[in-house]
Amino acid sequence: MEVKLDLVLANDITAPLSLEEFEKVGATSVFDRERVVFVLDHFTPNKDILSAENCKKIREFAAKHRIKYFYEGGTCGVEHALLPEQGLVVPGDVVIGADSHTCTYGALGAFSTGVGSTDFTYGMVTGTTWFKVPESIKFSCYGKWQPWATGKDLILHVIGMIAWTERFIRLWSSMERRSLRFRWTHVLRSQTWP
């Protein structure tokens, strides 16, 4: 199924690869300068010359294409906390990010998943991507939460109980009544687990 994207995200590790692909395919612009986000948060302050050169490449690309949401240095933070704090990810959004932790935004009611740098590039250029919609499984969990238990404890327990395949799991319990901090650790992504 082809879907329209609300936001595409890359960081200082994954963006350099996507910018090379951008040049290879002869792209000249991004689909929407307000829906492409670069966050330089992994190797900044730069740990070496290569990291500095990669950040420079991203900075120049962002300036050339007038990317509205470019974060580095004093305006930066951990990308997956920064985007919700800035109001860039909201319930109902479809978000892809060239980072495996992009699925975190599921805690906000968005559909979000990590993709490779090439998929990010095509999302950045076209504003769309293609997903294979997997079979779903619904789990209903009942009982009283122990004070030390978190959403992550629950999902790790569930994963340990099943043979994980290419399925998207919607875990339904008393999560709606739990805090965002609790739900934040309960997010899953659709992929094959080892």
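This is a short talk on the aromatic pairs and the cysteines in the structure above.

Okay, one thing up front: this is a predicted model, so keep that in mind as we go.

Let's start with the rings. There are four aromatic pairs in the structure. Take F22 and F61: that one is edge-to-face, with 5.0 Å centre to centre and 90° between the planes. And it's a link between distant parts of the chain, since F22 sits in helix α1, residues 15-24, and F61 in helix α2, residues 49-64, 39 residues apart. F22 counts as buried because its relative accessibility is 4%, and F61 counts as buried too, at 9%.

Next pair: F38 and F120. Here the centres are 6.1 Å apart and the planes are at 70°, so this is edge-to-face. Again distant parts of the chain get linked: F38 is in strand β3, residues 36-39, F120 is in helix α4, residues 117-126, and they're 82 residues apart. Both of these residues, F38 and F120, are buried.

Now put those together: ring pairs join F22, F38, F61 and F120 into a cluster.

There's also a charge over a ring. K47 lies over the face of F43, 4.8 Å from the ring centre.

Okay, cysteines. How many disulfides does the count come to? Zero. Take C76: the closest cysteine sulfur is the one in C55, and at 9.3 Å that's too far for a bond, because the cut-off is 2.5 Å. As for accessibility, C76 counts as partly exposed at 23%, while C103 counts as buried at 10%.

That's my bit, over to you.

Conventions
Residues numbered from 1 in each chain as written. Predicted model: local features only at pLDDT ≥ 70, side-chain atom pairs only at ≥ 80, totals over all residues. Heavy atoms only, no water. Buried < 20%, exposed > 50% of the residue type's maximum accessible area, 1.4 Å probe, protein only. Phe/Tyr/Trp six-rings, centres within 6.5 Å; stacked < 30°, edge-to-face > 60°. Helix = DSSP H or I, 4+ residues; strand = E, 2+ residues; numbered from the N terminus. Lys NZ or Arg CZ within 6 Å of the ring centre and 35° of its normal.
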